[in-house]
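Here is my note on the structure you sent over. I have kept it to a few numbered points, so have the viewer open and follow along.

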Amino acid sequence: MIWKSIKVGFHRLGSPPTFYRFCLLLSPWLWAGFAICTIIGLYYAFYVVPPDYQQSDTVRILYIHVPAAWQAMAGYVVMAILAMIALVWRIRTTEIMAMMCAPIGAAFTLICLATGSIWGRPMWGTWWEWDARLTSMLVLLFIYLGIMGLYAAFEDRRKGARVACILVLVGLVNIPIIHFSVEWWTTLHQGKTIRIFGESSMHYSMMPPLIWMTIAVKLMFGAALLDRSRNELLSQDRRKGWVAKKLLGKGVK
Amino acid sequence: MTPTRKKRLAVIGLMVLGVSTATAIALVALNDNIRFSIGPSEIVAGDFPEGRQLRLGGLVAAGSVSRDPTSLLVTFDVTDCIHDITVNFNGILPDLFREGQGVIAHGTLDANGMFQAHEVLARHDETYMPPEVARAMALAGGNEVCGEPIEDHIASVEAGY
Amino acid sequence: MIPELEYASFVWSSYGIFAVVVAWQILQPVLYRRRLMAELREEQALQSGEYDDPNP
């Protein structure tokens, strides 16, 4: 019974007007969640956690660097799943969502690279080195930009989405490379600190802001994705009846 | 699932598999070039020619750091607990540099087997803790490099914050 | 109120970049949406003959 209604719900999200309303209703809640988690996270990051014994206060950069890095990679996985669904089932709302993941993912990759570089200057003694982790993360940024460019290059948006979705799946190979780069090769970048299985090598007193900021950026990714997808859908369907009806009626909010 | 969709899924699966295989082969072939640094044992064992640019990675050996009081000249041993290589460096060290720290020295081997670095980077060892916890651990005698205790570790921990 | 930090310029510039990029992610869809709505209203007015030409 519950399973059936979930399935029906998903099918309805394939319908543009329903998807449009879904984005409109859900997005403010995600933005609100993002704001709350960020405020709590920043409070912890600046007023509660102690400085690190080696890095002093530069450890506070980690509370945006690491969540952004995780989100840049998790966002890519989400995009790849959507792209796979889009290519197999040809559902247009999924195509749109997959394409709209790219600019947001690129933004998080940029945050990760910039904050990492700023941390690296005083701690490592360099802004940038071509080690496996840093290079593969830079490649991720270029993949995101390539997907955006490819999608924009086509006059026919659906054709553009389909071609770009293939690039999304090709670029997926970079995600395990980023993740395992610090284990497969000697790198300048440190290895994993946070482990889901086993003990993390971070003292528990320094964890709360990391957790709050991680949740915050996940909510932000969702909110920005819904906002962008709604715009893209409206733009694609500008000549369709449901858009005209919305504009003629009480007006689109 | 309709036959068309099954076919599409299979094509996508094969494509991802193909790309992964090709990438894996390329990465294995390029393994030595992707590595950022080499260890002291490899330098001792391997015949790296004099004057070739190398990145030497390892730990700063306990009690090996000596600074020239009048200049920026600093000498220290980089160890992997089997072999030590002495590094000479004239310049500013990164803030994480201390005994027991992972470092990467960029430079060349000279005729005497000494490493002349023109750049020294510090590695971070992925542990994060507050100063009090680090101090307690240092007092409990938990700090050593390759079995050699770091004599002034408490001092360096305290100097670090 | 504002915490005194070591390496303050590094920490604040990191958070500054974060704030700017996040703000851009919020603003870009809003600005695009405004432009899009204006375009759509104009197209609809043209079709229904209610278009008020500013340069007749």
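Is Ser56(A) buried, exposed or partly exposed? Keep that in mind as you read; the first point answers it.

1. Please remember throughout that this is a predicted model. Now to the question: Ser56(A) is partly exposed, because 19 other C-beta atoms lie within 10 Å, and a residue needs 20 or more to be called buried. You will find Ser56(A) in the loop between helix 2 (16–48) and helix 3 (62–89) of chain A. Its backbone is worth a look too: phi of Ser56(A) is positive, about 55 degrees, although the residue is not a glycine.

2. Why mention the sign of phi at all? Most residues other than glycine have a negative phi. Arg90(A) is another case to look at, with a positive phi near 55 degrees in a residue other than glycine. Arg90(A) sits in the loop between helix 3 and helix 4 (92–123) of chain A. It counts as partly exposed, with 14 C-beta neighbours inside 10 Å. A glycine also appears here: Gly125(A), which follows helix 4 of chain A, has a positive phi near 100 degrees.

3. Next, look at helix 4 of chain A itself. It has 32 residues and reaches 47 Å from its first C-alpha to its last, close to the 46 Å expected at 1.5 Å a residue. Of those 32 residues, 27 are buried, so the helix is largely enclosed by the rest of the structure.

4. That leads to the nonpolar core. The largest one has 111 residues, and the members that touch the most others are Ala83(A), Ala98(A) and Ala105(B). Helix 4 of chain A supplies the largest share of this core, 18 residues. If you want a place to start tracing it, try Ala83(A): leaving out residues up to four places away in sequence, it touches Ala98(A), Cys165(A), Val168(A) and Leu169(A).

5. Pro16(A) is a good residue for practising distances. It lies in helix 2 of chain A and is partly exposed, with 18 other C-beta atoms within 10 Å. Beyond its neighbours within four places in sequence, Pro16(A) is in contact with Thr93(A), Leu233(A), Asp237(A) and Trp242(A). Arg133(A), by contrast, is 117 residues from Pro16(A) in sequence and 40 Å from it in space, C-alpha to C-alpha.

6. Now to the chain pairs. Two pairs of chains are in contact, and chains A and B share the most contacts. That contact takes 35 residues from chain B and 35 residues from chain A. On the side of chain B that touches chain A, the elements giving two or more residues are helix 1 (3–29), strand 6 (115–122) and helix 4 (131–139) of chain B. Helix 1 of chain B gives the most, with nine residues. By class, this side of chain B has 21 nonpolar, seven polar and seven charged residues.

7. The contact between chains A and C takes 23 residues from chain C and 30 residues from chain A. The side of chain C that touches chain A divides into 15 nonpolar, four polar and four charged residues. For a close-up, go to Asn231(A) in helix 8 (residues 208–236) of chain A. Asn231(A) counts as buried, with 21 C-beta neighbours inside 10 Å, and it touches Pro29(C), Tyr32(C), Arg33(C) and Leu36(C), not counting residues up to four places away in sequence. Within chain A, the C-alpha atoms of Asn231(A) and Leu150(A) are separated by 19 Å, with their positions 81 residues apart along the chain.

8. What about chains B and C? No contact joins them, and their closest C-alpha atoms lie 9 Å apart.

9. Finally, chain B on its own. It has five helices and eight strands, in the order α-α-α-β-β-β-β-β-β-α-β-β-α along the sequence. The radius of gyration of chain B is 23 Å, well over the 15 Å that the globule rule gives for 161 residues, so chain B is more spread out than a compact globule. Its C-alpha trace spans about 75 × 45 × 25 Å along the principal axes. Of the 161 residues of chain B, 26% count as buried. Among contacts in chain B with a separation of 6 or more, 49% join residues 24 or more positions apart.

Key. Residues numbered from 1 in each chain as written. Chains lettered and ligands numbered in written order. Predicted model: local features only at pLDDT ≥ 70, side-chain atom pairs only at ≥ 80, totals over all residues. Contact = placed C-beta atoms within 7 Å. Helix = DSSP H or I, 4+ residues; strand = E, 2+ residues; numbered from the N terminus. Nonpolar A, V, L, I, M, F, W, Y, C, P; charged D, E, K, R; others polar. Rg over C-alpha atoms; globule rule 2.2 N^0.38 Å. Buried ≥ 20, exposed ≤ 12 C-beta atoms within 10 Å, placed from the backbone. Expected span 1.5 Å × (residues − 1). Core = buried A, V, L, I, M, F, W, Y, C linked by C-beta atoms within 7 Å.
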